[in-house]
Amino acid sequence: MRKATLSIDGWLAILFAAIGGLVMVQSIALGIGSLSQPGAGLFPFFAALTILLSALIVLGRIAVATPSPPQPPFAAGRRWILFFLVAVFALWILVMPITGFVFGTFICVLAFSKLLQLEGCVKPVLLAAATSIGIYLLFNQLLQLDLPAGPWGV
Amino acid sequence: MGDHLLIQGFLNLLTVPNLTACFVGSFLGTLVGVLPGVGPAATMTFMLPLTVGLAPETGLIMLTGVWFGAQYGGSTTSILVNIPGEAASVISCIDGHAMTKNGRGGAALAMSAVGSFIAGTIGIIGLQFFAPVLASAALSFGPAEYLAFLIFAFVLLLGLAADSPAKGLLMFGLGMWISIIGLSQMDGTARFTYGVDDLMLGIDFVPLAVGLFGVSEILVVGIGTFVPPVLSRVSLRDLYPTREEVRRSVAPTLRGSIIGFFLGLLPGPATILSTFLSYTVEKRVSKTPEKFGTGMIEGVVGPESANNSAVMSSMIPLLCLGIPFAAPSAIMLAGLRMHNVYPGPLLFTDSPRIFWTFIAAMYLGNVVLLLLNLPLVGLFAKVAMLRPALLLPVVSIICLVGTYSLRNSMFDVWVMIGSGVAGLLLRHWNYPVAPLLIGVVLGPMVENNLRKTLVMFDGSLLPMVQRPIAAGFIAATILAVAGLVWIGYRRNIGARLAEQ
C-alpha cells in the first residue's frame, strides 16, 4: 500500500487553496452586491475562486501522479547563503536611514561580496567603496534622487 | 502623416540625453544580457531602477535599448560558450557552438547580429504600420470587447506558456488578487489592507517585478555554484563571414523575420517559440537537413532573426491595447507607467510624440546594437566569465536603490525582497511567475471591464455574443480551449503509451 505522504509541492497547493478560501470569505465580507450592481467584493471573489479551484486541480494532479523522490530544495550546503543574502537585503533597509546611503551601502556590499566568497580583504573593500560611492553619484548627483543622508551628510 | 511624425520622432531623439540613454541602455542591456541564465525580463528589472530619475522620453529610450541589448546579448554566450544567455537563445547553441568548434564562431556572431538587425528593422517597420491601424480598430472596443479579448488572450497565454495550465491559472488568480489590494478605484473601499497604511495605495508593480525576476535571479545565482565557462577567443578579423555564408543567410533571415513577426503577436513566450519554429523550418527546407547540428549557419541566423522580429511585434498589443503578452512586455509596461505613459489606443492620438520617439529609438537602438556587438564581442564574452561575487552586489544595490527611489518608500523595498524570495520558491516548484505578473497588470483592467459589462447588460454576460467583435473573441476562445484540451489529451495518451 502506498504511504500517504505529501510533498512540499502538495503543501504549497494546500497553502494556495487556503489563501483562495480566506480571500473568498473576506470578499463576501466586503460585499459582493449583485451581478447588475457589483459590489467591491465581487471581483476579488472571482479571483479567489480562480485561486481555490486551480489549487485544488494542482493538488488533485499531485495526488494521482506517480510519487517522485523528494527534490532537495537548492544545492546542499548552500542553503544558508539564501538566508544570509535575504538578511543583508533587510540589513540595508534597517541600516541606511541611520548611517546614510554611502556607509550603509558600503557595509552591505562588503557583506554581499564576502557571502559570495570574494577572497581577501582588498577586493571586497574596493568593490564596496566603488559601488557605494558610484551609485550615490549616479542616483543622487546625476539623477537628482533623494537618498537618506547619515551623520556625514551622505 | 506617419513619415512626418517619424521624422519628428528622430528629431526628438537627437538630443544629448536621449542619444546617451540609447547608447547606455543598449550597452548595459547587452552587458547584463550576456550573463548565462539571465534573460531579458531579469535584465530589464535590473535596469528599470536606473531610469527612475530620467525624463519620460529619455527613460523610455533607455529601457528600449536595454530590452534590445538583452535580446542580442543572449546569443553571444550561446555561440561562444554553449551556455544560452536566455531561453530564446537555447536553439542557437546547437549550430552556433558547433560553428565555434569549427573555427567559424566569429562568422556566426557577425551573421546573427546582422540577421537580428535586419529582422529587427523589418519588425519595426511592421510595428510602425500595423500598430496605428490596430489602435484605431481598438478605439471601437467597448468594455465587452475588451473583456472578451482579455479572456481570449489569457487562455492562449496559459495554453502556450505554462507547462501546467492549472499552475499558470493559479498564479494569474494570485496576481489579480494582489492587484486588488488597496483602495478600490470604483468606490474607495479599502480591500485587503488589514489596517496597514502602506497597503492603502496598493502594491506597486515595479517592486513586485524587480523582486520576482531580478532579486529571485540574484538569489538563484547566489546559492548556485559558479563554474567558470570555457571561452573561445574571437578577434575582429574572425568576424568576417565568407561570401557563401552570407548567401546562405539571406533566406533564413527573411523567413525568420516573418515567422517571428507573426508569432510575436500571440500571447506567451513568442520569442522562444519563434526560434524553435524557425529552426524546424530551416531544417525542413534545407537540402542537407542531416548537417544541422554540425555548424549550419541557417540554424543560427534563422532563429536569431525570428527572436528579434518577435520582440518588435510583441510591442503591438502592448502599445495598441495596453496589454502585455509576456514578462518582458509586462516589465516594459511597468517602465512606461513609471514615466506616466499609458499605452492603449489613445496613445497614438494623445501622445504621438512619445509613440514616434519610441519608434525612432527602436530604429536607432537596432543600429547601435549592430555597431556595439561586432567590435565589442570580446568584451561581452568576457563579462560572461565574471564571477557573481563581483556582479551581484552591484546589481543588488541598484535594485534596492531604484525600488526605494520610486516613492521613497522602504515598504516597497520590503515588497521587493518578499517577492524575490517568493519568486525563488515558486520557480523551484515549477510555478510560472510570468502569469502572476501579467495578472497584476491586467487585474484592474479585467475588473473595470467586467463591472462595466455587467452594469451595461444588467447583470448578464450573454448579450456579449450579440456584439460581433466580442462574439468573435468568444468563438476564438472556445476554439482555443478545445484545441488545448485536444493537445493535452493527445499528450496524455502519448505519455501512457510510452510508459507501457
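In this predicted model, A:Asp9 is buried, with a relative accessible area of 17%, a value that falls under the 20% limit for that label. A:Asp9 is a good place to start, because this residue sits in helix α1 (residues 8-30) of chain A and pairs with B:Lys167 in helix α8 of chain B, so that the pair joins two chains. The two side chains form a salt bridge, with the closest N and O atoms 3.5 Å apart. B:Lys167 counts as buried too, at 9% relative accessibility. In general, side chains of opposite charge can pair when their charged atoms come close.

The salt bridge of A:Asp9 and B:Lys167 leads straight to the interface. Between chain B and chain A, the count is one salt bridge. Five residue pairs are found in polar contact across the interface of the two chains, with both residues of each pair at pLDDT 80 or more. On the side of chain B that touches chain A, at least two residues each are supplied by α8 (165-180), β2 (190-191), α9 (205-223), α18 (388-407), α19 (410-428) and α20 (434-456). The largest share, 14 residues, comes from α18(B). By type, the residues of this side of chain B divide into 44 nonpolar, 13 polar and seven charged.

How many residues does each chain bring to the contact? Chain B gives 64 residues and chain A gives 63 residues. The size of an interface is often given as the accessible area lost when the parts come together. Here the area buried between chain B and chain A is about 5,600 Å², and carbon and sulfur atoms give 79% of that area. In chain B, the residues that lose the most area to chain A are B:Ile223, B:Ile397 and B:Trp429, which together make up 12% of what that side buries.

Salt bridges are also found within chain B, and the count over all chains comes to 12. In one of them, the side chains of B:Glu245 and B:Arg104 meet at 2.8 Å, N to O. This pair links distant parts of the chain, 141 residues apart: B:Glu245 is in helix α10 (residues 243-263) of chain B, while B:Arg104 is in the loop between α5 (90-101) and α6 of chain B. How accessible are the two partners? B:Glu245 counts as buried at 9% relative accessibility, whereas B:Arg104 counts as partly exposed at 26%.

Helix α10 of chain B appears again in another salt bridge, which brings together the side chains of B:Glu282 and B:Arg255 at 2.9 Å, N to O. B:Glu282 lies in helix α11 (residues 270-285) of chain B and B:Arg255 in helix α10 of chain B, so this pair ties together parts that are 27 residues apart in sequence. B:Glu282 counts as buried, at 2% relative accessibility, and B:Arg255 counts as partly exposed, at 30%. In addition, B:Arg191, B:Glu447 and B:Arg451 are joined into one network by salt bridges that share partners.

Aromatic rings come next. Over all chains, the structure holds 21 aromatic pairs. In the pair of B:Trp177 and B:Phe192, the ring centres are 5.8 Å apart and the planes stand at 80°, so the pair is edge-to-face. B:Trp177 belongs to helix α8 of chain B and B:Phe192 to the loop between β2 and α9 of chain B, and the pair links these distant parts across 15 residues. Both B:Trp177 and B:Phe192 are buried. Elsewhere, one aromatic cluster is formed by B:Phe141, B:Tyr146, B:Phe149, B:Phe152, B:Phe325 and B:Phe473.

Two single residues of chain B complete the picture. B:Asn18 lies in helix α2 (residues 16-33) of chain B and is buried, with a relative accessible area of 4%. Leaving aside neighbours within four places in sequence, B:Asn18 is in contact with B:Asn12, B:Leu13, B:Glu57, B:Thr58 and B:Ile61. B:Leu134, found in helix α6 (residues 105-138) of chain B, counts as partly exposed at 35% relative accessibility. With the same neighbours within four places set aside, B:Leu134 is in contact with B:Ile316 and B:Cys320. From C-alpha to C-alpha, B:Leu134 and B:Leu364 are 24 Å apart in space, and they are 230 residues apart in sequence.

Methods
Residues numbered from 1 in each chain as written. Chains lettered and ligands numbered in written order. Predicted model: local features only at pLDDT ≥ 70, side-chain atom pairs only at ≥ 80, totals over all residues. Heavy atoms only, no water. Contact = heavy atoms within 4.5 Å. Buried area = accessible area lost by both parts, 1.4 Å probe. Salt bridge = Lys/Arg side-chain N within 4 Å of Asp/Glu carboxyl O. Polar contact = N/O pair within 3.5 Å; in protein donor to acceptor, adjacent residues only side chain to side chain. Helix = DSSP H or I, 4+ residues; strand = E, 2+ residues; numbered from the N terminus. Nonpolar A, V, L, I, M, F, W, Y, C, P; charged D, E, K, R; others polar. Buried < 20%, exposed > 50% of the residue type's maximum accessible area, 1.4 Å probe, protein only. Phe/Tyr/Trp six-rings, centres within 6.5 Å; stacked < 30°, edge-to-face > 60°.
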